Amino acid sequence: MSATLPQVQQLVASAFAEGLPTSPTTEPQLAGALHHVLANPGSLVRATLAFQLSSAFGLPNQTATALATGLEYMHTASLLFDDMPSMDDAQERRSDFCVHVLFGEAACTLAALAFVNRGYALLWQAMSQKPDRQGEAVQQIEKCLGLEGMLTGQSRDLHHSSSWTARDVFMVSMGKTVALIRLTLVLPALLGHASPCQLHSLHQLGVYWGLSYQILDDLKDVCDVRESTGKTIQRDAALGRPNIALVEGAFHCIKRVSRLLRMSDAVIGDLIQSNSQIRFLAKTQQRLQSELSRFQPETLSACA
């Protein structure tokens, strides 16, 4: 019998908290930064999806846990870097002070590197169980996390022109948000010997969900809904950073997300037909639909 959603969430939460142990020799400031992050895991949406997909495609629990935790650690590291004064200079994350605020920039940098190091180790641990897919898996990881993905996306975010176009914003989103969500969906399926058609559909879904998530996040930043994000808001306008709601307006963004979610629905339907074990994807789709429904006319009228 497959695990229920609460069981999976509990499993990935425990794995996140316990997957990067410190030792008595770990320098206290660095240990404090790590403990602070491990005690505030966030929603763990990516870890939960990675574990569920791993299970649906027949990977054992140990491999699924390593994949889920490794991907979540990579996401966590990206947030630590993103909040730094040299980037977004944020003060709050997950309804608490950012790591660099509490422990300093040096400790934050080292903590992020610790998560990257452990993340790669866990991903390699998972890939080593599937030697026939290692090469393809490594290519996907490098493409999404390296220069073709998150690194260039973050650099585009920071080094911008005087005026943003919608294309500019989506290029940043494809490198940052979309790349990691796509990897979360594709890597477990790849190691689980999904068919080329299933992998293509998961790539598509990663794009649709990644863009939807980023547009909704941009709307929250602009529309001042801090209680739903738990992080510093209205930073994009202040820093001149890419934000599709600032470029196109909130109402147009709602139409974009609605269209993306309709396309997601079609892809999810095809995926469920090919593997009934992945019906859980519909739950994530419902969460995005619920996020979209929060932006009512009275909310949008308050947007910048």
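This dialogue walks through a cavity, a histidine, a nonpolar core and a pocket.

Biologist: What should I know before reading the numbers of this predicted model?

Modeller: This is a predicted model, in which local features need pLDDT of at least 70 and side-chain atom pairs count only at pLDDT 80 or more, while totals for chains, interfaces and linings use all residues. Residues are numbered from 1 along each chain as its sequence is written, and side-chain values use heavy atoms, with hydrogens and water left out.

Biologist: How many cavities of 30 Å³ or more are there, and which residues line the largest cavity?

Modeller: On a 1 Å grid over the protein atoms alone, a cavity is a set of points where a 1.4 Å probe fits but cannot get out, whereas a pocket is an open set with protein on both sides within 12 Å along at least five of seven lines; lining residues have an atom within 4 Å of a point. Here the count is one cavity of 30 Å³ or more, and about 130 Å³ of space lies in the largest cavity, a volume being the space filled by probe spheres set on points that are joined across faces, edges and corners. Its lining residues include His36, Asp83, Arg93, Arg94 and Phe97, and α4 (61–82) provides the largest share, three residues.

Biologist: Is histidine 36 buried or exposed, and what does its side chain reach?

Modeller: Buried means under 20% relative accessible area, exposed over 50%, and partly exposed in between, with a 1.4 Å probe and protein chains only. Histidine 36 has a relative accessible area of 15%, so it is buried; it belongs to helix α2 (residues 28–38), a helix being a DSSP run of H or I with at least four residues, numbered from the N terminus. Its side chain reaches the backbone oxygen of phenylalanine 97 at 3.3 Å.

Biologist: Which residues touch the most other members of the largest nonpolar core?

Modeller: In soluble globular proteins, nonpolar side chains tend to be buried together. A nonpolar core is a set of buried Ala, Val, Leu, Ile, Met, Phe, Trp, Tyr and Cys residues joined through side-chain atoms within 4.5 Å. The largest one here has 90 residues, of which Phe115, Leu185, Leu187, Trp209, Leu219 and Leu281 touch the most other members. Helix α9 (residues 166–191) gives the most to this core, with 15 residues.

Biologist: What is the volume of the second largest pocket, and which element gives the most to its lining?

Modeller: The second largest pocket has a volume of about 300 Å³ and is lined by 16 residues, with Ser2, Ala3, Val8, Gln52 and Phe280 nearest its centre. Helix α3 gives the most to that lining, five residues.

Notes
Helix = DSSP H or I, 4+ residues; strand = E, 2+ residues; numbered from the N terminus. Polar contact = N/O pair within 3.5 Å; in protein donor to acceptor, adjacent residues only side chain to side chain.
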